[in-house]
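Me: I would like to go through the charged pairs here and check the terms against their cut-offs. Please give the reasoning each time.

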Amino acid sequence: TRAVVVGEEFGLSAIINFGDLGLGPTFGHGHAHALSVIMFCDGKSILADPGTFSYTGHPELRIYFRSTAAHNTVCVNGKDQAKQELLFMWSKPYVSDTLLVRQIGSAVAVVATHDGYAEDRVEHRRMFIFDPGFGLYVEDWLFSDCTFSCELAWNINGKLTGNRIVTA
């Protein structure tokens, strides 16, 4: 998985994921989280990765927690970026492509894309700009020649006030 970890041990930090699904052929332990981001403030999760929840005890919840909708990224037409098979397997894996990774001072910029929605004729590109002194900026671009729907859910640990996350 290609990812960049930016920030300081204490203060604002982020993990930006722009890698492929994982190691084939079954992509075990993978999650459909291309172009997702998690963020921490003083070591406390602010934009959370939902984790696994359960490996075998709750199949419906396991499906959700591995899904694209459960991660801080765009979900197109209600589908995952790859197809979930058994509890630890995936098929139709996505491939990511890095268009830009730059660091200027403490700021990091990443622009990447993936082909997880190629069946729906949708390309997802995402730009991240992160600076531990200022915060995170994310912009999504969805390109298509057909009609589609999309959703974006942020897993926030705190309250959203305007465009800021306020933690207790």
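Reply: Start with accessibility: buried means under 20% relative accessible area, exposed over 50%, and partly exposed in between. The model is predicted.

Me: Why does Lys79 count as partly exposed?

Reply: Lys79 has 36% relative accessibility. Partly exposed lies between under 20% and over 50%, so the term applies to Lys79.

Me: What makes Lys79 and Asp120 a salt bridge?

Reply: Their side chains meet at 3.0 Å, N to O. The cut-off is within 4 Å, so the pair qualifies. Lys79 lies in the loop between β5 and β6 and Asp120 in the loop between β9 and β10, so the pair ties together parts 41 residues apart in sequence.

Me: Is Asp120 buried or exposed, and how do you know?

Reply: Asp120 has 15% relative accessibility. Buried means under 20%, so Asp120 is buried.

Me: How do you know which term fits Lys92 and which fits Glu119?

Reply: Lys92, at 49%, is partly exposed, because exposed requires over 50%. Glu119, at 60%, is exposed. The side chains of Lys92 and Glu119 meet in a salt bridge at 2.9 Å, N to O.

Me: What makes Arg126 and Asp140 a salt bridge?

Reply: The N to O value for Arg126 and Asp140 is 2.6 Å, and the limit is within 4 Å, so the term holds. Arg126 is in strand β10 and Asp140 in strand β11, 14 residues apart.

Me: Why is Arg126 called buried?

Reply: Its relative accessible area is 0%, and buried means under 20%, so Arg126 is buried. Asp140, at 25%, is partly exposed.

Definitions and conventions
Residues are numbered from 1 along each chain as its sequence is written. This is a predicted model: local features need pLDDT of at least 70, side-chain atom pairs count only at pLDDT 80 or more; totals for chains, interfaces and linings use all residues. Side-chain values use heavy atoms; hydrogens and water are left out. Helices (H or I, at least four residues) and strands (E, at least two) are DSSP runs, numbered from the N terminus. Buried means under 20% relative accessible area, exposed over 50%, partly exposed in between (1.4 Å probe, protein chains only).
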